[in-house]
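Visitor: Could you take me on a close look at a single part of this structure? I would like to see what surrounds the ligand.

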Amino acid sequence: MIGSVGVIFGETGSHTYRFAVTDPADVKRTDYVKVWHPTDGWVLGQILTMTRSAGNDNKDRLVATVSVIGARDNSGLLRSPKTPFRPGDKVYIAEEDVIVDTLGLSEGGAYLGVLDGTDIPVTVDRNKLIQKHCSILAMTGSGKSYTAAVIMEEMMEREVPLLIIDPHGEYATLKEPNDDPDMDALSEKFDIEPYGYDNVYIYTPGNKKVCEYADRTLRLNGLNLKPKEIIEYVPSELNNTEIGLIYEAVNALKHDNINYTIKDVLVEIGSSHSNTKWGVYNKLEPLLDSEFLSDKPTPLVELFTRGRTSIIDMKGIHPEVQQTIVSKLLSNLFEARKAGLVPPGMVVVEEAHNFCPEKGFSKTTCSDVLRAIASEGRKFGLGLLIISQRPAKVDKNVLSQCNTQIIMRVTNPNDIRAITKSLEGISTELEEEIKRLPPGVAMLVSPDIPRAVMVQVRARKSKHGGASKEISEDIEPEEVDYEDEEEEIEEPARPSVGGSIFRKIFGRG
Ligand SMILES: Nc1ncnc2c1ncn2[C@@H]1O[C@H](COP(=O)(O)OP(=O)(O)OP(=O)(O)O)[C@@H](O)[C@H]1O
Ligand SMILES: [Mg+2]
């Protein structure tokens with residue numbers, strides 16, 4: 001152990017103290033420090049601020065303010081010291097094992113990065129990420145998508161099924177290894193190797209013209225739709241007469257006892273004598289043009305299966321249609337999960353403020369299903385990863401269910417308020433900290449770690465998408481044989497055993 005880096009002075013409390021820094025070269029803000037306490041042993045703290053002032057002798061002096069984290073007692077519980085430190089107590093730099101033990105950092109979970117300013121890996125339990133949901137909130141350009149991709153990589157390594165709602169087509173590069181010019185240094189720093197993931201499939205609800213690099217098309221069932229389903233799919237509002245016409249048309253088709261498509265419904269409406277038929281005809285026509293309704297829908301067991309990542313690439317899809325698709329797709333997935341037809345896994349929602357906006361901002365059809373998954377998904381092992389640059393505009397019911405929160409730089413006061421509201425006991429210092437976070441550094445609030453920690457997010461193994469995406473065209477998806485996956489798909493959806501099923505399938509962490 002190197003010598004002390006300073007001495008405590010002035011008024012001390014159980015939660016904070018200040019110390020006079022001996023040598024400015026020894027310590028910096030965010031460093032972890034320890035002080036010996038006669039009854040509690042080594043007590044960990046973190047330097048929150050450093051200030052410079054002139055002392056009595058007119059000499060410059062550097063003062064560090066430390067937030068006390070605590071010490072583990074005999075039964076392993078993290079406790080604040082029972083009595084304050086004494087002025088004159090010496091402060092030391094905390095060694096790695098003290099930090100790891102006190103913060104309770106464990107190994108083997110999803111590796112997010114290193115504790116900022118150290119080489120200590122930070123991991124979070126995968127089961128908790130899924131069962132208790134996760135949010136990544138930050139202003140634009142601060143590294144949300146990058147961090148989301150790190151989590152996806154960690155999930156893929158345990159073959160957790162992933163369904164990614166990708167409005168900007170930026171996750172296709174998961175297939176390619178990271179080609180960062182600094183990759184050697186990054187590999188060394190984070191102990192990772194560049195890697196392109198194979199079992200990633202890009203689905204477009206449109207066609208190859210809309211999304212040229214898509215592997216497959218996403219199709220939802222368009223056969224024998226009930227009037228209510230048709231109405232849900234119509235992007236514009238329908239009045240009662242128009243709704244009546246749809247019911248009449250569907251009833252007539254049902255009466256004939258044949259399989260019918262949207263086109264048949266349109267023909268039927270066209271043959272009506274009502275004057276309003278052209279209005280409803282016009283509103284239904286976009287459904288005919290958008291190809292996502294089909295008599296051969298994409299099977300959910302194909303989209304959401306062990307070891308596979310399915311990206312729903314929304315490139316070129318009208319925003320309202322995106323919402324309709326996401327709403328229906330996630331409702332189907334949630335039902336399938338409840339019925340045990342698909343394994344536990346994770347759904348990633350980028351730009352979540354567009355899919356589950358806070359009341360008053362706009363109305364979307366997917367809010368209900370996202371709220372349902374957020375509140376009930378944990379029973380069934382269907383996790384959400386919610387990503388947004390406008391936390392204030394995301395449905396609070398959804399955000400408040402995210403127990404793991406990854407917060408990167410945010411400066412908008414409304415957004416900071418939205419974040420702090422959903423966090424218990426966040427201090428004003430942490431609020432300040434959030435405003436100043438450099439790109440790639442995140443504040444992690446996790447059920448595993450007793451207090452918020454700053455994490456330097458690890459480099460990606462796969463290439464980061466975003467601005468330029470050249471996806472190789474030569475990737476032909478192989479036909480998937482689900483026969484030998486039967487075992488995983490078949491496991492029952494018994495709420496009380498969700499956790500253990502998950503553990504059985506994906507292992508611990
Ligand atoms: N952990 C990291 N390590 C290295 N570079 C990073 C990291 N996080 C972010 N970056 C860099 O910052 C840029 C912006 O990150 P990212 O695309 O994730 O931002 P974002 O928050 O998703 O922005 P937007 O709101 O516009 O989607 C990336 O292009 C990447 O180069
Ligand atoms: Mg992004």
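Guide: Here is a walk around ligand 1, with a short stop at a pair of helices afterwards. Please keep in mind that this is a predicted model.

Let's begin with the neighbours. One run of residues around ligand 1 goes Met 139, Thr 140, Gly 141, Ser 142, Gly 143, Lys 144, Ser 145 and Tyr 146. The shell also takes in Gly 440, Val 457, Arg 458 and His 464. By kind, these residues divide into three nonpolar, seven polar and two charged. Helix H3, which spans residues 144-157, gives the most to this shell, with three residues.

Now look at some individual contacts. At Gly 141 the backbone takes part: one of its polar atoms is 2.8 Å from an oxygen atom of ligand 1. Ser 145 uses its side chain instead, where an N or O atom is 2.8 Å from an oxygen atom of the ligand. His 464 also brings in its side chain, with a polar atom 3.0 Å from an oxygen atom of ligand 1. As for cover, ligand 1 on its own has 630 Å² of accessible area, and the protein covers 67% of that.

Before we finish, turn to two helices, H10 (residues 319-338) and H12 (residues 367-380). Their axes come within 11 Å and cross at roughly 20°. Angles under 35 degrees count as roughly parallel, so H10 is roughly parallel to H12. The crossing in which H10 passes H12 is left-handed.

Technical notes: Residues numbered from 1 in each chain as written. Chains lettered and ligands numbered in written order. Predicted model: local features only at pLDDT ≥ 70, side-chain atom pairs only at ≥ 80, totals over all residues. Heavy atoms only, no water. Near = heavy atom within 4 Å. Polar contact = N/O pair within 3.5 Å; in protein donor to acceptor, adjacent residues only side chain to side chain. Areas by Shrake-Rupley, 256 points an atom, 1.4 Å probe, with all protein chains shown as cover. Helix = DSSP H or I, 4+ residues; strand = E, 2+ residues; numbered from the N terminus. Nonpolar A, V, L, I, M, F, W, Y, C, P; charged D, E, K, R; others polar. Axes fitted to C-alpha atoms, helices over the stretch in contact; angles between N-to-C directions. Parallel < 35°, antiparallel > 145°, perpendicular 65-115°, else oblique. Left-handed = near helix turned anticlockwise from the far one by under 90°.
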